[in-house]
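Trainee: I have a new structure open and would like to learn how to read it. Could you walk me through it, feature by feature?

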Amino acid sequence: IANETLGYFLARIHAFLIRMGADPQRVRFRQHLDAEMAHYACDCWDAEMRTSYGWVECVGCADRSAFDLANHSKTTGVRLVAEIKLDEPKIVECVEVRSNKSEIGKTFKSAGKNIIDNLQLMNECDIKELESATEKDGKFTININDNSYEILPSMFTIHRGEKTVHVEDVIPNVIEPSFGVGRCLYAILEHSFRCRPDDEHRCYLSVTAQLAPYKCSVLPLSRHEAFKPLVRRVADNLSELDVSHKVEEGTATIGKRYARTDEIGIPYGITIDFDSVSQDSVTLRERDSKAQVRVSVNEVASLVHQLAQGRLLWNNVLQQYPLFEAQETIKIN
């Protein structure tokens with residue numbers, strides 16, 4: 001990795017992909033070869049995710065260094081830098097191009113001055129490209145004002161050393177991450193596809209709560225009239241907290257409705273049963289583990305909101321609330 005700043009951005013890209021639900025075992029970074037490096041980049045990495053189509057490039061992250069401002073400077077002849085006066089002089093490592101002014105002047109005549117100025121304005125990435133091209137092809141092409149000039153190895157030398165500076169020149173550099181949102185989303189959906197160990201025909205999407213369009217479902221145990229006020233109350237509480245939800249009031253069994261919401265990746269399910277009417281409580285179910293806890297009606301919306309925002313983990317919920325294992329214990333006539 002070319003520098004610490006680029007490494008920081010790569011780490012943040014990796015953390016973001018994992019947080020959104022990518023499988024860490026199916027995420028990798030690949031550095032661009034010199035032959036495929038973009039002309040503006042001194043280093044570039046792709047975040048690739050493995051899918052049924054193989055490894056797919058999903059995010060690109062290029063270190064553009066000071067390419068943009070440096071090229072403006074080369075074209076206009078204006079130094080586009082900020083200067084910071086140092087309290088004390090310091091010794092810094094430097095690399096610069098020293099032009100053979102005599103040979104350049106004889107070869108390029110009136111264009112020689114512009115070429116010399118361009119060589120002097122080269123940054124570290126430009127110098128690396130200059131060295132690579134002359135070693136490989138025996139020449140380097142400079143483009144100035146729509147004219148091309150071939151620079152030979154005899155026309156310059158590369159000097160590396162140290163110098164004492166009293167003023168620090170700062171040219172803003174650019175790190176350019178570029179996300180293929182569609183590719184990222186498709187790969188995460190593939191990574192999130194699961195089948196129940198006890199029934200391979202029962203499949204579900206294990207997408208994170210942050211990514212899931214619906215954060216929870218509201219499922220009355222049946223279409224009993226006594227459940228309707230509680231359904232409205234729970235749904236209203238969720239709406240007040242901007243928690244997207246889906247009310248599932250079909251005639252299918254509760255198990256089938258759980259499976260249906262699991263298939264579309266809804267991470268949490270609030271079930272209203274006969275105990276809900278007598279105890280003013282509901283069960284909260286987590287999709288992946290199918291574990292359920294008993295929670296009061298007044299608390300459940302806030303709980304789902306915290307889970308959906310990533311402020312609370314399901315393991316914390318299991319420690320705070322009693323595990324629910326049996327279905328309704330009281331039946332209403």
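**Reading the model step by step**

Mentor: Gladly! Let's begin with one pair of facing residues: Leu 284 stands opposite Val 293 in β15. Keep in mind throughout that this is a predicted model.

Trainee: Which strands pair there, and over how many bridges?

Mentor: The general idea comes first: strands of a sheet pair through backbone hydrogen bonds, either parallel or antiparallel. Here, strand β14 (residues 281–286) and strand β15 (residues 292–296) pair in the antiparallel sense, over five bridges.

Trainee: In what order do the strands of that sheet come?

Mentor: The sheet is open and has six strands, ordered β12-β11-β13-β14-β15-β16, with mixed pairing. Its edge strands are β12 (245–247) and β16 (323–324), and each of them pairs on one side only.

Trainee: Which helix lies across β11, β13, β14 and β15?

Mentor: That is helix α10 (residues 297–308), which runs at about 125 degrees to β15.

Trainee: How many strands are in the sheet that contains β1, and what is the sense of their pairing?

Mentor: Four strands form that open sheet, in the order β1-β2-β3-β8, and the pairing is antiparallel. At its edges are β1 (27–31) and β8 (174–179), each pairing on one side only. From one strand to the next, the twist averages 25 degrees. Zooming in, β1 is joined to strand β2 (residues 43–51) by five bridges. One residue pair to look for is Arg 30 with its bridge partner in β2, Asp 46.

Trainee: What joins β9 to β10?

Mentor: A hairpin does, passing through two residues. Strand β9 (residues 193–196) and strand β10 (residues 199–205) run antiparallel and are joined by four bridges. Arg 196 has Asp 199 in β10 as its bridge partner.

Trainee: Now for side chains. How many aromatic pairs are there?

Mentor: The count comes to seven aromatic pairs. To read one, look at the distance between the ring centres and the angle between the ring planes; planes over 60 degrees apart count as edge-to-face. The rings of Phe 108 and Tyr 149 have centres 5.6 Å apart and planes at 85 degrees, so this pair is edge-to-face. Phe 108 belongs to helix α3 (residues 101–108) and Tyr 149 to strand β6 (residues 147–151); the pair links distant parts of the chain, 41 residues apart.

Trainee: Are Phe 108 and Tyr 149 buried or exposed?

Mentor: For this you need the cut-off: buried means under 20% relative accessible area. Phe 108 has 14%, so it is buried. Tyr 149 has 16%, so it counts as buried too.

Trainee: Which parts of the chain do Tyr 268 and Trp 314 tie together?

Mentor: These two form a tilted aromatic pair, 6.0 Å centre to centre with 35 degrees between the planes. Tyr 268 lies in strand β13 (residues 268–272) and Trp 314 in helix α11 (residues 314–320), so the pair ties together parts that are 46 residues apart in sequence. Both Tyr 268 and Trp 314 are buried.

Trainee: Which residue lies over the face of Trp 55?

Mentor: Arg 28 does, at 4.2 Å from the ring centre. Look also at Arg 285, which lies over the face of Tyr 258 at 4.3 Å from the ring centre.

Trainee: Which residues of helix α4 are buried?

Mentor: In helix α4 (residues 112–120), the buried residues are Gly 112, Ile 115, Ile 116, Asn 118 and Leu 119. Looking down the axis of α4, you find them within an arc of 160 degrees, so they line one face of the helix. They pack against α2 (67–76), β4 (82–99), α3, β5 (140–144) and β6.

Trainee: What about the backbone angles: what is phi at Asp 242?

Mentor: Most residues other than glycine have a negative phi. Asp 242, though not a glycine, has a positive phi near 60 degrees. Asp 242 sits in the loop between α7 (228–240) and β12, and is exposed, with a relative accessible area of 71%.

Trainee: And where does Lys 290 lie?

Mentor: Lys 290 is in the loop between β14 and β15. Its phi is positive as well, about 65 degrees, although Lys 290 is not a glycine. At 33% relative accessibility, Lys 290 counts as partly exposed.

Key:
Residues numbered from 1 in each chain as written. Predicted model: local features only at pLDDT ≥ 70, side-chain atom pairs only at ≥ 80, totals over all residues. Heavy atoms only, no water. Pairing = 2+ DSSP bridges. Axes fitted to C-alpha atoms, helices over the stretch in contact; angles between N-to-C directions. Phe/Tyr/Trp six-rings, centres within 6.5 Å; stacked < 30°, edge-to-face > 60°. Buried < 20%, exposed > 50% of the residue type's maximum accessible area, 1.4 Å probe, protein only. Lys NZ or Arg CZ within 6 Å of the ring centre and 35° of its normal. Contact = heavy atoms within 4.5 Å. Arc of directions from axis to C-beta.
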